[in-house]
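Biologist: Before we use any terms, I would like each one to be justified, with the value set beside the cut-off that it has to meet. Could we go through the model in that way?

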Amino acid sequence: EHGDLNENFTVGEEIESLDADSSTAGLEVEEVISLNELLYALLLPSGNDAAETIAVNIGRKIAGDSSISAEKAYEAFVAAMNKKAKEMGMTGTSFTNPHGLHNDKHYTTAADMLILAKTAFEDSTIKAITRGKVHEVQTNKTKHKWYNSNLLLYSNFNELSEDYRVANNLSGTNSVFNGYATSGKTGYTEEANKCLVFEGEGNDKNMIGIILNADETVIFTEASNTINAVVKEYELLEWSDPEDKERVVQVVNYHVFDGNKLKYKVNDPLVTAVPQANKDSYTAKVKWDESKVKGDETLTNLETDVKQG
């Protein structure tokens, strides 16, 4: 929203404040790199150094002053994060930094992560980056090769970097690979434990899942099982369509109108995910609210105002 993807930024000393064991993309001070490439560094290997660089450079744009200190630019960026979260309806979220490293005042909820994920995965740039497995770039300083930390995307662990495979004792076929998985974002701190926002699609269904505070041994298995269940075992029942102007129900249990037909229209689609095995047992009912309507066979009056939604 505030930057040009093709604009080059210079990595500053802000990245040196990160702890030695922090997840990084291997950026170096004085390295020149575009915002687009920084997003790959941020989203594939979880580069906290990329998050710092983006925050400082975009923070200066938000503040409208390229000469302000890295600290002031950082504050402007975090303030913009919180403003955006509020605008999006993320009522259980507070940001203090751009990468998620622990701070008692930095927190969110699964429901808010869903709001954020739905918005992010609809963005063409973020969609392209998070769906990729590996990305290479040559800068003025070095050549980077970044791997996606979302293990759902790899059919074989040999596709990952040797350092990662050795460190995590991985080799051969990946048991948590899921062909329906499309994208996602991993996260970890000691306090939050393993976290994963994941996306999958198949059988004309698209789904997003949120797992927080999980154990490393189960998080990708849980995500894969969830994707399989939604894609293979569930069906979407659409009760109403905003484009359908002729949706009709039959009035029941209201004596003067029993048997009559009632047309209705909705602002947004009403859709339920139900198990395929018993989908035929579901029926839709439109409730007649007597606190809002009164009438007889010839005349019906509204008792209260009808509000949008």
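Biologist: What makes you say that H2 is mostly covered?

Modeller: This is a predicted model, and in it 12 of the 16 residues of H2 are buried, where buried means a relative accessible area under 20%. The buried residues include Asp49, Ala50, Thr53 and Ile54, and the buried residues of H2 pack against S1, H1 and H3.

Biologist: How do you know that the length of H2 agrees with what is expected of a helix?

Modeller: H2 has 16 residues, and at 1.5 Å a residue the expected span is 22 Å, while the distance from its first C-alpha to its last is 22 Å, close to that expectation. H2 is followed by Gly64, whose phi is positive, near 75°.

Biologist: How do you know whether the span of H3 agrees with the expected one?

Modeller: The 18 residues of H3 should span 26 Å at 1.5 Å a residue, and the end C-alpha atoms are 26 Å apart, so the two values agree. In H3, the buried residues are Ala73, Tyr74, Ala76, Phe77, Val78, Met81 and Ala85, and what covers them includes H2. After H3 comes Gly89, with a positive phi near 85°.

Biologist: Why is the pair of Glu1 and Lys84 called a salt bridge?

Modeller: The term requires a side-chain nitrogen of Lys or Arg within 4 Å of a carboxyl oxygen of Asp or Glu, and the side chains of Glu1 and Lys84 meet at 2.7 Å, N to O, so the pair qualifies. Glu1 lies in the segment before strand S1 and Lys84 in helix H3, so the pair ties together parts that are 83 residues apart in sequence. In general, side chains of opposite charge can pair when their charged atoms come close.

Biologist: Why is Glu1 called exposed, and why is Lys84 called partly exposed?

Modeller: Exposed means over 50% and buried means under 20%, with partly exposed in between. Glu1 has a relative accessible area of 79%, so Glu1 counts as exposed, whereas Lys84 has 30%, so Lys84 counts as partly exposed.

Biologist: What makes Glu7 and Lys61 a salt bridge?

Modeller: Their closest N and O atoms are 2.9 Å apart, and the limit is 4 Å, so the pair meets the condition. This pair links distant parts of the chain, with Glu7 in the segment before S1 and Lys61 in helix H2, 54 residues apart. Glu7, at 27% relative accessible area, is partly exposed, and Lys61, at 36%, is partly exposed as well.

Biologist: Why does the pair of Glu136 and Lys143 count as a salt bridge?

Modeller: The N to O distance is 3.5 Å, which is within the 4 Å limit, so Glu136 and Lys143 form a salt bridge. Glu136 is partly exposed at 43%, while Lys143 is exposed at 55%. Elsewhere, Arg131, Glu199 and Glu201 are joined into one network by salt bridges that share partners. A search of the whole structure finds nine salt bridges.

Biologist: How do you know that Lys194 lies over the face of Tyr188?

Modeller: Lys194 is placed at 5.0 Å from the ring centre, which is within the 6 Å that the term allows, and a direction within 35 degrees of the ring normal is also required. The pair is listed as lying over the face, so both conditions are met. As for aromatic pairs, a search of the whole structure finds zero.

Biologist: Why is Ser46 called buried?

Modeller: Ser46 has a relative accessibility of 16%, and the cut-off is under 20%, so Ser46 counts as buried. Ser46 lies in the loop between H1 and H2, and, leaving aside neighbours within four places in sequence, Ser46 is in contact with residues including Ser23, Ala41 and Lys185.

Biologist: Which residues of the largest nonpolar core touch the most other members?

Modeller: Of its 31 residues, these are Leu27, Leu38, Ile54 and Trp146, and H1, H2 and H3 each supply at least two residues of this core. A second, separate core has 19 residues, including Tyr147 and Phe198. In soluble globular proteins, nonpolar side chains tend to be buried together.

Conventions. Residues are numbered from 1 along each chain as its sequence is written. This is a predicted model: local features need pLDDT of at least 70, side-chain atom pairs count only at pLDDT 80 or more; totals for chains, interfaces and linings use all residues. Side-chain values use heavy atoms; hydrogens and water are left out. Rings of Phe, Tyr and Trp (its six-membered ring) pair if their centres lie within 6.5 Å; planes under 30 degrees apart count as stacked, over 60 as edge-to-face and the rest as tilted. Helices (H or I, at least four residues) and strands (E, at least two) are DSSP runs, numbered from the N terminus. Buried means under 20% relative accessible area, exposed over 50%, partly exposed in between (1.4 Å probe, protein chains only). The expected span of a helix is 1.5 Å times one less than its number of residues. Contact means heavy atoms within 4.5 Å. A nonpolar core is a set of buried Ala, Val, Leu, Ile, Met, Phe, Trp, Tyr and Cys residues joined through side-chain atoms within 4.5 Å.
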